[in-house]
Amino acid sequence: MTTVAIDIRGVSKVYNPGSNQAVQALDTVSLTINDNEFFTLLGPSGCGKTTLLRLIAGFEQVTGGEIMLFDEEIENLEPSQRPVNTVFQHYALFPHMTVAQNVAFGLERLKKPQAEIDATVERVLSLVKMKELGDRRPNQLSGGQQQRVALARALAPSPKVLLLDEPLSALDLKLRQNMREELKQLQRETGITFVFVTHDQEEALAMSDRIAVMSNGEVQQIGAPTDIYEHPVNRFVADFIGDTNFLDGEITSVNDDLVTCRVGSESLFEAANSGNHSVGDQVTLFLRPEKITLSAAGDASRQGRVANIVYLGNQAAYTVDMGDGIELTAQARPREDGNLPFATNDTISVDYSARALRVLAK
Amino acid sequence: MSDHMNETKNIMKKKKILPVGHFRGLGAWTFAFFIYLYVPIVVLVFYSFNSNRMVMNWEGFGISWYLKAFSNNNIQQAVLNSLIVATVATACATAIATIGALVLARGGSFKGKTLSLGLITLPLMVPEIVTAVAVLIFFSSIGMNLGLGNVIIAHITFCIPFAFMPIRARLEGMDTTLEQAARDLYATEWETFRFVTVPLLMPGIVAGAMLAFVISLDDFIITLMVGGAGSTTLPVYIYSMIRRGLTPEVNAISTVLLFFSIAIVTAYWIVSKKSQTKTVH
């Protein structure tokens with residue numbers, strides 16, 4: 001049985017309550033984070049993900065609700081009394097201390113014996129591959145190195161939960177991709193529960209055991225990366241994670257595993273029946289671009305005209321005009337000689353399985 | 001208001017820089033201005049090395065007036081008074097200014113915050129003679145006569161805003177997430193203050209203290225009004241020497257005071273420069 005590390009019970013947060021600038025940052029959010037889990041809070045800026053993290057850390061006070069950490073109520077404790085540590089977005093390393101002093105800070109406050117402090121500092125610094133730079137000052141380190149020190153400092157007191165507030169956002173792309181793997185590995189090695197805040201869906205999909213997608217102070221969906229990507233519960237989630245084609249229409253017939261839907265004035269699309277649909281429902285269909293196969297015009301049921309091409313190197317994104325006011329975006333790889341398979345205004349075949357088309361409730 | 005000022009600054013930045021080189025004779029004017037500013041001081045320093053007893057009759061180079069000034073008991077006493085007043089006033093003013101800056105920068109919002117800020121910095125704009133008369137009347141009306149103590153209390157009052165400004169500037173520029181990080185790493189509020197806030201604030205505190213020290217050391221009007229017999233400070237004593245007749249001794253002791261002030265201001269400049277580069281991420 002899995003142990004629950006953090007249990008968020010109906011937590012609300014209102015900034016400046018009672019004034020005309022009151023902002024509802026979180027609206028009765030409930031979720032559970034399991035022990036030893038890499039859990040990501042994902043959403044656009046202003047969705048409340050950072051607020052939730054700061055409530056867990058204790059930098060903000062809840063307006064309502066409870067936060068349980070391993071069955072202990074913590075929402076009224078000072079940050080210094082909560083056995084969680086934070087990796088800050090801009091690292092927040094103490095500039096007047098060396099790397100080793102930064103890492104030792106939490107252990108010293110916990111009044112650990114000096115021998116244990118020295119051993120732990122050395123252990124966590126080698127864990128993040130910074131053992132040689134213990135005598136440096138933070139301003140003598142690169143962004144990536146500061147990131148590692150911030151991680152080491154937060155891991156040194158062996159917190160029950162590690163909170164990470166967009167820690168990779170200040171790094172450049174290559175470094176960010178490397179750090180993703182390292183973070184994931186670090187989480188597995190230490191066995192500490194990670195709560196990771198990001199607005200980068202790719203980052204979330206790559207690292208997380210589970211993701212909570214947030215918007216407007218509410219949790220939209222919680223699930224494994226594949227769940228979130230393949231089975232989004234609403235249009236917001238489908239739109240925020242990855243690229244998607246949306247088709248708005250009305251259900252015209254329903255059978256056991258397929259529904260037929262009229263889009264535009266006369267185009268009929270078959271989609272997987274996810275249950276609870278009846279004729280006349282207004283629905284949104286969604287179809288991921290990579291589920292569509294483009295080929296030279298043949299006998300396929302659907303054909304369209306290439307309206308636009310965006311070249312991305314390893315592939316190209318094609319916008320195909322299907323007529324009746326419908327456009328689909330799909331992908332195609334360049335051919336072996338490097339040229340793209342289709343040109344603008346070419347008429348091409350557009351194939352996909354009806355099961356790849358899914359119905360989102362409107 | 002500060003937003004507005006930033007905006008104006010940005011607009012000014014976008015404008016083409018005024019090509020000063022195009023104005024004829026500007027260099028000469030600038031030169032003349034610097035002569036106007038500094039020649040009197042250079043002359044004062046120059047004649048302090050005159051060995052003649054008449055100030056303006058150059059006889060030859062000598063440091064006899066310095067030796068005479070240093071062996072003058074009255075001057076020694078005045079220097080001692082000045083240093084006592086400046087040291088005690090600086091220590092008290094800096095402590096009060098630090099507490100004030102902490103409350104105003106970190107105390108969250110409270111009623112009368114803007115007013116408090118205005119009241120702390122207002123003495124910078126109040127004419128010194130007004131403060132001097134007010135303090136004098138205050139002391140005599142409550143019948144307080146602590147000698148040098150009165151002078152120290154008066155100095156603390158006008159040193160506070162000078163100490164306050166650099167400390168507040170430093171605090172405002174400080175990243176509050178550093179204090180959050182300390183709290184997150186199990187530091188109590190006191191430990192956070194002791195191990196994070198104070199060390200990071202130190203350049204501001206040192207700068208504020210130096211500024212207060214120089215201001216206190218140079219003060220004349222308030223000290224003259226408040227200080228009774230026996231609490232003469234160096235500037236007041238120099239003034240009384242001039243009234244008795246100008247000798248190069250005055251030049252010598254003024255020169256010493258000048259270089260002492262320059263040394264402290266230079267140290268202040270270096271400290272604040274260092275703290276600026278430190279805050280850059």
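1. Secondary structure first. In this predicted model, chain A comes out with eight helices and 20 strands. Chain A has 362 residues, and 37% of them count as buried. If you want a feel for the extent, the C-alpha trace of chain A spans about 75 × 55 × 45 Å along its principal axes.

2. On contacts within chain A: take the pairs with a separation of 6 or more, and 65% of those contacts turn out to be between residues 24 or more positions apart. Keep that percentage in mind if you plan to look at a contact map of chain A.

3. Now the domains. The assignment splits chain A into domain 1, covering 4–239, and domain 2, covering 243–361. Their centres, taken over C-alpha atoms, are 39 Å apart. How many residues does each domain put into the contact between them? Domain 1 of chain A gives four, and domain 2 of chain A gives five. On the domain 1 side, the residues touching domain 2 of chain A break down into two charged, one polar and one nonpolar.

4. One sheet in chain A is worth a look. It is open, it has four strands, and its order reads β2-β1-β4-β5, with antiparallel pairing. Which strands stand at the edges? Those are β2 (23–34) and β5 (72–73) of chain A. Each has a single partner strand, so one side of each is left without a neighbour in the sheet.

5. Staying with that sheet, the pairing of β1 with β4 can be followed down to residues. Strand β1 of chain A runs over residues 4–15 and strand β4 of chain A over residues 64–69. The two pair in the antiparallel sense, over five bridges. For a concrete spot to check on screen, go to Ile6(A): its bridge partner in β4(A) is Leu69(A).

6. Last, the contact between the chains. Chain A contributes 17 residues to it and chain B contributes 16. On the chain B side, α8 (176–184) and α9 (189–218) each supply at least two of the residues that touch chain A. Which element provides the largest share of that side? It is α8(B), with six residues. As for chemistry, the chain B residues touching chain A divide into eight nonpolar, five charged and three polar.

How values were computed. Residues numbered from 1 in each chain as written. Chains lettered and ligands numbered in written order. Predicted model: local features only at pLDDT ≥ 70, side-chain atom pairs only at ≥ 80, totals over all residues. Domains from an automatic or database assignment. Contact = placed C-beta atoms within 7 Å. Nonpolar A, V, L, I, M, F, W, Y, C, P; charged D, E, K, R; others polar. Buried ≥ 20, exposed ≤ 12 C-beta atoms within 10 Å, placed from the backbone. Pairing = 2+ DSSP bridges.
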